[in-house]
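I opened my notebook to look at how helices sit against each other in a protein. I also wanted to check a few odd spots in the backbone.

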Amino acid sequence: MTGVQTCALPISDTCARVCHSPTGYGLKTVFGTSAGTQDFDSVADADVIMVIGANPTDAHPVFASQMKKRLREGARLIVIDPRRIDLVESPHIHAEYHLPLQPGTNVAVINALAHVIVTEGLTADAYIQERCDTEAYAKWKAFVAEPKNSPEATEHLTGVSASELRAAARLYAGGPNSAIYYGLGVTEHSQGSTMVMGMANLAMATGNLGRRGVGVNPLRGQNNVQGACDMGSFPHEFSGYRHVSDAAVRGSFEQAWGVTLDPEPGLRIPNMLDAAVDGTFKGIYIQGEDIAQSDPNTQHVTAALRAMECVVVQDLFLNETAAY
């Protein structure tokens, strides 16, 4: 086939747009990109590992084995979670600090950690001067230094011992390579985006970005959800988190792909299902997701699947969606 083809709408979507949308918004706001800052192998160079709102041994066993290997080699561990997860105490692994915060107090805890680091002079000033927006940093520093953000002032809200929190903050700031790993216990709160930005600010203030063994690292809810984000499985972004409305971005993809691309975002999963019921959306290709079982309004989902002319399900198991 010759000539230029036209792609009317970039119709693709992924669960990553929903479950970790605070990661996308928070990291993009602070760093300019929604991507996690490190690869998974980077944990092998971490000296201090802070796990927030995640249970890697249950939810991310392959990565957890890498993390545990590094902990057995001597890396020190901070766990911030209401639960006493396996990593707090298991064979050959012991968390130096477990901060069992009250659910919903994530931001108060991250601000208290920042308060300690700022007021005790544990910031990486040379790094900040070279790499950060100094005006924005000055405002953030003044805010977290306020007495209301101290571990002592927030202790009654968070349930976290002020002395334990102070010690954990000193450990994280001292590194020398400190990495944050977080999960849905951070993002599935109303203040999820604020918390992601708080963790990013903490990493910048201590210079824990830009090399191996550090960073702000999301542990997504399902297999390779982060990769789906990075590769652009969104209705509004191409790979690398570049928006379809940007003419320069669109031009580079048009040149590479040899098609003309629509500047308007495509359909999200709910829009696809609505259009299927209306008779204007005819087919869907589903990989690793069971929308008949997991998406809201099951009757509407199954009606949409029945209305389509072609439904392809690529999955390890014969799931509920595959029945359609």
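These are my notes, entry by entry, on a model that is predicted.

**Entry 1: α5 and α9**

I began with a general reminder to myself: two packed helices are described by the angle between their axes and the distance between the axes. My starting pair was helix α5, residues 106-119, and helix α9, residues 162-174. Their axes come within 9 Å and cross at roughly 65°. Angles from 65 to 115 degrees count as roughly perpendicular, and α5 and α9 are therefore roughly perpendicular to each other. I also noted the hand of the crossing, and α5 passes α9 in a right-handed one.

Which residues meet here? On the α5 side I listed Val 109, Ala 112, Leu 113, His 115, Val 116 and Ile 117. On the α9 side I found Leu 165, Arg 166, Ala 169, Tyr 172 and Ala 173. I sorted the residues of this contact into nine nonpolar, one polar and one charged.

**Entry 2: α5 and α11**

Next I followed α5 to another partner, helix α11, which spans residues 192-205. How do α5 and α11 pack, and at what angle? Their axes are 9 Å apart, and the angle is about 15°. That makes α5 roughly parallel to α11, because angles under 35 degrees count that way. The crossing of this pair is left-handed.

From α5 I wrote down Asn 106, Val 107, Ile 110, Leu 113, Ala 114 and Ile 117. They meet Thr 194, Met 195, Gly 198, Met 199 and Leu 202 of α11. My tally for this contact was eight nonpolar, three polar and no charged residues. I underlined Leu 113 and Ile 117, since they are listed in the contact with α9 and again in the contact with α11.

**Entry 3: the two sides of α7**

Helix α7 covers residues 134-144, and I asked which of its residues are buried. They are Tyr 137, Trp 140 and Val 144. Looking down the axis of α7, I saw these buried residues fall within an arc of 65°, so they line one face of the helix. The general rule helps me here: an α-helix has 3.6 residues a turn, so residues three or four places apart point the same way. On the other side of α7, Glu 135 and Lys 139 are exposed. I then checked what the buried residues pack against, and found α5, α6 (125-131) and α11.

**Entry 4: the two sides of α13**

I repeated the search on helix α13, residues 247-257, where Val 249, Arg 250 and Phe 253 are buried. They cover an arc of only 95° around the axis, which puts them on the same side of α13. The face turned away carries the exposed residues Ala 247, Ala 248 and Gln 255. The cover over the buried residues of α13 includes β9 (237-238), β10 (242-243) and β11 (259-261).

**Entry 5: backbone oddities**

Where is the cis peptide bond? I found it joining Gly 175 and Pro 176, with omega at about 5°. Pro 176 is in the loop between α9 and β7 (178-182).

Two residues other than glycine have a positive phi. His 92 has a phi of about 70° and lies in the loop between β4 (89-90) and β5 (93-94). Tyr 241 has a phi near 65° and lies in the loop between β9 and β10.

Is each one buried or exposed? His 92 is exposed, with a relative accessible area of 72%, whereas Tyr 241 counts as buried at 8% relative accessibility.

Technical notes: Residues numbered from 1 in each chain as written. Predicted model: local features only at pLDDT ≥ 70, side-chain atom pairs only at ≥ 80, totals over all residues. Heavy atoms only, no water. Axes fitted to C-alpha atoms, helices over the stretch in contact; angles between N-to-C directions. Helix = DSSP H or I, 4+ residues; strand = E, 2+ residues; numbered from the N terminus. Parallel < 35°, antiparallel > 145°, perpendicular 65-115°, else oblique. Left-handed = near helix turned anticlockwise from the far one by under 90°. Contact = heavy atoms within 4.5 Å. Nonpolar A, V, L, I, M, F, W, Y, C, P; charged D, E, K, R; others polar. Buried < 20%, exposed > 50% of the residue type's maximum accessible area, 1.4 Å probe, protein only. Arc of directions from axis to C-beta.
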